[in-house]
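Here is a set of short exercises to work through with the model open on your screen. Try each task first, then follow the solution step by step.

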Amino acid sequence: MNFKGAHIVSARELDREDIDHILDLADDMIPIARGEKSSSLMKGKILATLFFEPSTRTRLSFESAILRLGGRFLGFADPGGTSVKKGETLADTIRMASAYSDLIVLRHPQEGSARLASRFSDVPVINAGDGAGQHPTQTLLDLLTIRRETGKIDGRKIALVGDLKYGRTVHSLTYALAKYDADITFVAPPSLQMPSEVLDLAQQMGAKTQRASTLEEVVSDADVIYVTRIQRERFPDAAEYQKVADVFKVNAALLEKAKKGAIVMHPLPRVHEIDPDVDETPYAAYFKQAFYGVPTRMALIGLVTGVLE
Amino acid sequence: MKELKITPIKNGTVIDHIEPGMAMKVVRLLGIPEADSHSTVSIAMFVKSGKMGYKDIIKIEDRELKKREVNIISLIAPNASIAIIKDEGVIKKGRVALPKVITGIARCSNPNCITNKDEPVETEFAVINGKEVKLRCLFCDRIVNDIIEAIV
């Protein structure tokens with residue numbers, strides 16, 4: 001696709017060639033993201049970060065990305081104190097921000113908000129999460145992590161663990177992995193298994209998938225164990241939640257059975273689902289994963305503004 | 001002798017081959033009866049049909065359908081045919097065709113979809129033509145199964 005001027009609303013709209021290209025550029029950005037090399041690629045350019053709901057990693061990594069590339073940012077981390085509180089429509093906020101900046105990054109609690117923003121903006125819009133909808137830059141940084149930390153995506157055995165029903169990151173990652181020759185296993189309690197509409201669409205796209213109900217079934221064979229948080233409020237009572245939370249917890253003892261070179265990922269924040277005793281093992285890739293958000297977003301910022309090709 | 005269940009109309013529209021039992025829904029979605037209109041509307045339900053077994057028919061005197069209305073009919077009665085009658089003769093006849101995208105006709109069933117907020121935008125859905133016709137919101141991706149409920 002021609003990235004210049006493009007809106008990045010959903011990872012599903014990117015084909016494999018597009019994703020590979022973004023990941024290649026993200027690789028090149030790593031020394032700049034680490035501060036080892038300086039860049040003025042985005043000098044004179046302004047990024048608008050419009051965060052209608054709180055976010056730590058996503059917002060900070062976008063801001064780090066534009067600053068490291070020599071650009072600047074403006075925006076808000078909370079809509080309180082803006083005209084949004086006075087009842088301004090999102091459409092009007094976007095029209096205004098698009099007049100003040102070269103690209104917009106939007107996080108909004110309503111599904112479809114990024115698509116709407118793309119209709120009213122004269123500059124590219126990057127979706128940084130729209131409610132329970134899409135979060136394409138998370139998917140891209142997940143793919144970059146798998147590629148860099150295990151060497152490739154094709155042929156990898158990937159276990160998605162935890163809340164697969166409500167977790168938007170795992171839905172989006174499933175669609176993206178369907179474009180690669182990856183082997184996906186969904187590991188979740190029956191009440192939080194992957195929804196059939198996601199599964200059907202992923203299979204239509206050519207995904208190889210199976211289900212498992214315990215971590216023990218997959219730990220010795222998986223190249224990637226992608227863990228998500230199971231929320232207490234999804235369960236009728238605390239005892240039921242605790243039972244499930246214990247079954248889907250990853251710890252160093254479990255990983256003794258893991259393959260050499262396997263990695264554990266998590267979109268963060270984690271609560272109890274990965275024991276801190278995993279942090280010091282070679283399997284822990286979740287903090288690196290959070291770092292890869294910066295080079296991934298640098299690549300996208302450069303592409304959609306036409307500074308990179 | 002051929003039995004005529006409803007009398008022919010002079011000018012207006014005949015919607016034929018409607019899925020049996022759907023006529024009342026079609027009529028309601030077309031906004032019939034219209035205020036201040038006294039034109040004849042005939043509805044026949046469960047009429048024997050060679051092709052369909054049974055079918056419904058609606059004849060509306062003095063009215064031509066707008067594109068939006070034809071789109072609505074195509075969603076809930078995808079096999080329907082529409083004939084425009086002038087001076088008791090058929091001047092145009094054709095089957096409805098499912099559009100690929102519909103704009104402004106239906107409401108998204110996801111209460112958290114941005115199109116259900118006070119934004120200056122019309123809804124848009126991709127029409128999925130499977131065993132049953134379904135809609136996919138082009139904003140939030142939600143699949144709308146109950147089309148009749150969703151039509152504005």
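**Exercise 1. A core residue and its partners**

Leaving aside neighbours within four places in sequence, which residues is A:Leu160 in contact with?

Solution. Keep in mind that this is a predicted model.

Step 1: Set aside the residues within four places of A:Leu160 in sequence; the contacts that remain are A:Val170, A:Thr174, A:Ile184, A:Phe186, A:Val187 and A:Tyr226.

Step 2: Place A:Leu160 in its wider setting. The largest nonpolar core has 124 residues, and A:Leu160 is among those with the most contacts inside it, together with A:Ile104, A:Ala159, A:Ile225, A:Val264 and A:Ile301.

Step 3: Look for the element that gives the largest share of this core. Helix H10 of chain A, residues 286-304, supplies 10 residues.

Step 4: Compare with the general trend. In soluble globular proteins, nonpolar side chains tend to be buried together.

**Exercise 2. A strand with neighbours on two sides**

Find out how many residues of S3(A) are buried, and which strands it is joined to by bridges.

Solution.

Step 1: Count the buried residues. They number 6 of the 6 in S3(A), so this strand is largely enclosed by the rest of the structure.

Step 2: Sort the side chains by direction. A:Leu103, A:Val105 and A:Arg107 point one way, while A:Ile104, A:Leu106 and A:His108 point the other way, and all are buried.

Step 3: Pair the strand with S1(A). The two run parallel and are joined by 5 bridges, with A:Thr49 opposite A:Val105 of S3(A).

Step 4: Now take S4(A). It also runs parallel to S3(A), with 4 bridges between them, and A:Leu106 stands opposite A:Asn127 of S4(A).

**Exercise 3. Following one helix of chain A**

Describe the span of H2(A), its buried residues and what they pack against.

Solution.

Step 1: Check the length. H2(A) covers residues 57-68, which makes 12 residues, and its first and last C-alpha atoms are 16 Å apart, close to the 16 Å expected at 1.5 Å a residue.

Step 2: List the buried residues of H2(A): A:Thr58, A:Arg59, A:Ser61, A:Phe62, A:Ala65, A:Ile66 and A:Arg68.

Step 3: Trace what these residues pack against. In chain A, the partners are the helices H1 (16-33) and H10 and the strands S1 (46-51), S2 (72-76), S3 (103-108) and S4 (125-130).

Step 4: Look just past the helix. H2(A) is followed by A:Gly70, which has a positive phi near 85 degrees.

**Exercise 4. Domains and contacts of chain B**

Which element of chain B gives the most to the side of domain 1 that touches domain 2?

Solution.

Step 1: Take the domain bounds. The assignment puts domain 1 of chain B at 12-95 and domain 2 at 101-150, and their centres over C-alpha atoms are 24 Å apart.

Step 2: Count the residues in the contact: 7 come from domain 1 of chain B and 5 from domain 2 of chain B.

Step 3: Find the main contributor on the domain 1 side. Helix H2 of chain B, residues 67-76, gives the most, with 5 residues.

Step 4: Classify that side of domain 1 of chain B: 4 residues are nonpolar, 1 is polar and 2 are charged.

Step 5: Look at the helix itself. The buried residues of H2(B) are B:Asn71, B:Ile72, B:Ile73, B:Ser74 and B:Leu75, and their packing partners in chain B include helix H1 (23-29) and strand S8 (133-137).

Step 6: Turn to the other chain. Contacts link 16 residues of chain B with 13 residues of chain A; the chain B side divides into 9 nonpolar, 3 polar and 4 charged residues.

**Exercise 5. Backbone details**

Is B:Asp36 buried or exposed, and what about B:Asp141?

Solution.

Step 1: Locate B:Asp36 in the loop between H1 and S2 of chain B. Its phi is positive, near 70 degrees, though it is not glycine.

Step 2: Count its neighbours. B:Asp36 is exposed because it has 5 C-beta neighbours inside 10 Å.

Step 3: Locate B:Asp141 in the loop between S8 and S9 of chain B. Its phi is also positive, about 80 degrees.

Step 4: Count again. B:Asp141 is buried because 23 other C-beta atoms lie within 10 Å.

Definitions and conventions: Residues numbered from 1 in each chain as written. Chains lettered and ligands numbered in written order. Domains from an automatic or database assignment. Contact = placed C-beta atoms within 7 Å. Nonpolar A, V, L, I, M, F, W, Y, C, P; charged D, E, K, R; others polar. Buried ≥ 20, exposed ≤ 12 C-beta atoms within 10 Å, placed from the backbone. Core = buried A, V, L, I, M, F, W, Y, C linked by C-beta atoms within 7 Å. Expected span 1.5 Å × (residues − 1). Pairing = 2+ DSSP bridges.
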